Structures are given as C-alpha cells and as structure tokens.
Amino acid sequence: MGVEPIPYWPGELIELGETRIHVRSTPRGPEEKAVYVHGLAGSATNWTDLMGALADEVAGWALDLPGAGFSPASPDGDYSVDGHARAVIALIEHLGAPVHLFGNSLGGAVSVRVAATRPELIRSLVLVSPALPDLLPRYGPARVAASAAPMRG
C-alpha cells in the first residue's frame, strides 16, 4: 500500500585539493547538473527524495559538508560559511559549471555566498528555509513598522 522510500544514492569521497568531500550522486543521464547543500547537523541524505524527484531533469550531487556525514574534518578547521562555500565552489569547479544550486538552512547561507561570490558557476539558486541574517533592528519603531507592514504578493 505505501510507497517504498528511495534508497540513499551511492556515495564516494572526492579529492578537491587538500579537502576531501563525500558526495552522493544520481545517475548522470541529464546534461543539466544540480548540487545540493545540507544544513547544520545534516548530511547529503537530507536530499535523497528531492534528488529522486528531479533525477530525470538534472544529474544531482549532494555533498556532506566538511566534518559532516562521511566527509572528514576540514584540514584548516574552518567551518564558517566562507569555509563551506570554498568547499562547494571546489566541488562545482570539479563537476563543471554552471549548476543549479540548492541549499537548506546553513546550506542556504553557504549557497547564497557561493552565488554572490562566483555567479558564473550558478545557473539557478533554490533556497529552502535558508539561515540568513535578520538585518532589521532588534527593537524600536523600525522593527514595529516592518512587522506591521502588509506583505506584497
């Protein structure tokens, strides 16, 4: 009666200079490429179902960010958004750009950084609940006015 879950896509460790990244990938039939970046405390397996749904449209690669999933620790100990962005950029350069870039939570912040600093690598950017900073004032009239303003659709 129920639908069987999609098994995890096969994975491999890819050498990207001094950084090694574990990457799971779908079959490489379509020419279009997608890279999927997970959030904090996540892994490449967070993208299994979406990668399956899009496998006929894009060949997909979901990475385990340095120190997450099956990826070893970052050799320089840098787990900042910039540090993770460097790993994603290295993967995209390895795969061949441009790619459709998907990011969730921390992976959304990393993906925005990649797109902002290296736009030539990105065909499209998809953000799922990205962890982006709230730049509104914490208190005061500006915050109240912003929260009371009608949303435009």
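A residue is called buried when its relative accessible area is under 20%, exposed when that area is over 50%, and partly exposed in between. These words recur throughout this tour of a predicted model.

**First stop: helix H2**

Select residues 81-95, which form helix H2. The helix has 15 residues and spans 21 Å from its first C-alpha to its last, close to the 21 Å expected at 1.5 Å a residue. Now colour its buried residues: Gly 83, His 84, Ala 85, Ala 87, Val 88, Ile 89, Leu 91, Ile 92 and Leu 95. When viewing them, recall that an α-helix has 3.6 residues a turn, so residues three or four places apart point the same way.

Move next to Gly 96, which follows H2 and has a positive phi, near 100 degrees. Continue to Ala 97 and Pro 98, which are joined by a cis peptide bond with omega at about 0 degrees. Pro 98 belongs to the loop between H2 and strand S5 (99-105).

**Second stop: salt bridges**

The whole structure contains 7 salt bridges. Return to helix H2 and select Glu 93, which counts as partly exposed because its relative accessibility is 46%. Which residue forms a salt bridge with Glu 93? The partner is Arg 118, and the closest N and O atoms are 2.9 Å apart. Arg 118 lies in the loop between helix H3 (106-117) and S6, whereas Glu 93 lies in helix H2, so this pair ties together parts that are 25 residues apart in sequence. Arg 118 is also partly exposed, since its relative accessibility is 25%.

A network can be selected next: Asp 76, Asp 78 and Arg 86 are joined by salt bridges that share partners. Between Arg 86 and Asp 78, the closest N and O atoms are 2.5 Å apart. Arg 86 has 45% relative accessibility and is therefore partly exposed; Asp 78, at 22%, is likewise partly exposed.

Then select Arg 20 and Glu 15, whose side chains meet in a salt bridge at 4.0 Å, N to O. Arg 20 is partly exposed, with a relative accessible area of 35%, while Glu 15 is exposed at 52%.

**Third stop: Ser 71**

Keep Arg 20 in view and add Ser 71, which is in contact with Arg 20. Ser 71 is placed in the loop between strand S4 (59-64) and helix H2. Is Ser 71 buried or exposed? Its relative accessibility is 5%, so Ser 71 counts as buried. Apart from neighbours within four places in sequence, the contacts of Ser 71 also include Ile 21, His 22, Asp 64, Leu 65 and Pro 66. For His 22, look at the backbone nitrogen: a polar atom of the Ser 71 side chain lies 2.7 Å from it.

**Fourth stop: strand S6 and the surface**

Select residues 122-130, strand S6, where Leu 127 is found. Leu 127 is partly exposed because its relative accessibility is 34%. Together with Leu 125 and Leu 132, Leu 127 forms a nonpolar patch on the surface, and the three have about 230 Å² of accessible area together.

Strand S6 also holds Ser 129. The phi of Ser 129 is positive, near 45 degrees, although the residue is not glycine. Ser 129 counts as exposed, since its relative accessibility is 59%.

**Last stop: Ala 41**

Finally, select Ala 41, in the loop between strand S3 (33-37) and helix H1 (48-54). Ala 41 is a residue other than glycine with a positive phi, near 65 degrees. At 84% relative accessibility, Ala 41 counts as exposed.

Technical notes:
Residues are numbered from 1 along each chain as its sequence is written. This is a predicted model: local features need pLDDT of at least 70, side-chain atom pairs count only at pLDDT 80 or more; totals for chains, interfaces and linings use all residues. Side-chain values use heavy atoms; hydrogens and water are left out. Patches are made of residues with over 30% relative accessible area and no salt bridge: like charges are joined within 9 Å, nonpolar side chains (Val, Leu, Ile, Met, Phe, Trp, Tyr) within 5 Å. Accessible areas come from the Shrake-Rupley method with a 1.4 Å probe; for residues, only the protein chains shown count as cover. Helices (H or I, at least four residues) and strands (E, at least two) are DSSP runs, numbered from the N terminus. Buried means under 20% relative accessible area, exposed over 50%, partly exposed in between (1.4 Å probe, protein chains only). A polar contact is a pair of N or O atoms within 3.5 Å; within protein, one must be able to donate a hydrogen and the other to accept it, and residues adjacent in sequence count only if both atoms are side-chain atoms. Contact means heavy atoms within 4.5 Å. The expected span of a helix is 1.5 Å times one less than its number of residues.
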